[in-house]
Amino acid sequence: TYYPIDSWWRIRTPLNEARRYSGAACLNKTVYVAGGQDETRDLKSMEAYDFARNATNHEWIKLAPLSSPRSKLGLIAANGKVYAIGGERNGKMTDIVEAYDPQSNRWSKQPPVPVPGAPKDAVTTDGRIISEADYSYVTRAQMETEIRKMTGDFMQTPPMVSAAKKN
């Protein structure tokens, strides 16, 4: 966890399932982590860490899984939901988009992305999701235009020293 007051990363409770190439998003003081890969396969599981609830509990909770395993997906919070965008499944690009509703703990299928792929970045402005990917349908200029519309404070954090996994 990053603490901006003293500009320091602290190791917190590790995920229940070790993973790499996963997506992560924050909605209403809850961090969501979905998909990714373990040592041998793509994952469809999702876990959440609720900072309001975990003042004393410090635990990740397992939630409804994605409809299919995938890694290198974009995960973004918008309009009260968490969206899983594109990614790779068994090394092949996918166009799958799903929306997770925290109230019902369910995923719903959304219209696919125009070109399958693994998003590099995804941002939201005014409830619209813009995804920059390895493909060229969203340009860097379009992404920068959307970022300029965003309000609030932005800050650069120091790099994480290491990642820990639960044994």
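These legends go with several close-up views of a predicted model.

**View 1. The whole chain, before we zoom in.**
The protein in this predicted model has 2 helices and 14 strands. It runs to 167 residues, and 36% of them are buried. If you take the contacts with a separation of 6 or more, 42% of them are between residues 24 or more positions apart. The accessible surface adds up to about 10400 Å², with carbon and sulfur atoms accounting for 52% of that.

**View 2. The open sheet β3-β4-β5-β6.**
Here you're looking at 4 strands in an open sheet, in the order β3-β4-β5-β6, with antiparallel pairing. β3 (23-27) and β6 sit at the edges with a single partner strand each, so each has one side without a neighbour in the sheet. On average, neighbouring strands of this sheet are turned by 25° against each other, direction ignored. In the middle of the order, strand β4 (residues 30-34) runs antiparallel to β5 and is joined to it by 5 bridges. If you want a pair of residues to find your way by, try V31, whose bridge partner in β5 is Y49.

**View 3. The β3 and β4 hairpin, close up.**
Now move to the edge strand β3. 5 bridges join β3 to β4, and the two run antiparallel. One residue to look for is G23, which has A34 in β4 as its bridge partner. The hairpin has 2 residues between the strands, and N28 takes a positive phi near 50° there. What sits on the covered face of β3, and what on the uncovered one? G23, A25 and L27 are on the covered face, while A24 and C26 are on the uncovered one. That fits a general pattern: in a regular strand, side chains alternate between the two faces of the sheet.

**View 4. Y49 and W60, an aromatic pair.**
The whole structure has 3 aromatic pairs. In this one, Y49 and W60 are tilted, with 5.3 Å centre to centre and 55° between the planes. The pair ties together distant parts of the chain, 11 residues apart: Y49 belongs to strand β5 (residues 46-50), and W60 to the loop between α1 (54-57) and β6 (61-63). Are these two rings on buried or exposed residues? Y49 has a relative accessible area of just 3%, so it counts as buried. W60 comes in at 15%, so it is buried too, given that the cut-off is under 20%.

**View 5. The ring cluster of Y32, Y100 and W107.**
Swing over to another set of aromatics. Y100 and W107 make a tilted pair, with 5.2 Å centre to centre and 55° between the planes. Y100 is buried, at a relative accessible area of 2%, and W107 counts as buried at 15%. Y32 joins in as well: ring pairs link Y32, Y100 and W107 into a cluster.

**View 6. The open sheet β7-β8-β11-β12.**
This view shows 4 strands forming an open sheet in the order β7-β8-β11-β12, and again the pairing is antiparallel. Its edge strands are β7 (74-78) and β12 (106-110), each pairing on one side only. Neighbouring strands here are turned by 25° against each other on average, direction ignored. Strand β11 (residues 97-101) and β12 run antiparallel and are joined by 5 bridges. Look for E98, whose bridge partner in β12 is K109.

**View 7. E88, K72 and K92.**
To finish, here are some charged residues. E88 lies in strand β9 (residues 88-89). Is E88 buried or exposed? It is buried, with a relative accessible area of 14%. Leaving out residues up to four places away in sequence, E88 touches D42, R70, S71, K72, M93 and T94. K72, one of those contacts, has its charged end over the ring of Y21, 5.0 Å from the ring's centre. K92 is in strand β10 (residues 92-93) and is exposed, with a relative accessible area of 62%. K92 and R70 are 22 residues apart along the chain, and their C-alpha atoms are separated by 9.5 Å.

Key:
Residues numbered from 1 in each chain as written. Predicted model: local features only at pLDDT ≥ 70, side-chain atom pairs only at ≥ 80, totals over all residues. Heavy atoms only, no water. Buried < 20%, exposed > 50% of the residue type's maximum accessible area, 1.4 Å probe, protein only. Contact = heavy atoms within 4.5 Å. Areas by Shrake-Rupley, 256 points an atom, 1.4 Å probe, with all protein chains shown as cover. Phe/Tyr/Trp six-rings, centres within 6.5 Å; stacked < 30°, edge-to-face > 60°. Lys NZ or Arg CZ within 6 Å of the ring centre and 35° of its normal. Pairing = 2+ DSSP bridges. Axes fitted to C-alpha atoms, helices over the stretch in contact; angles between N-to-C directions.
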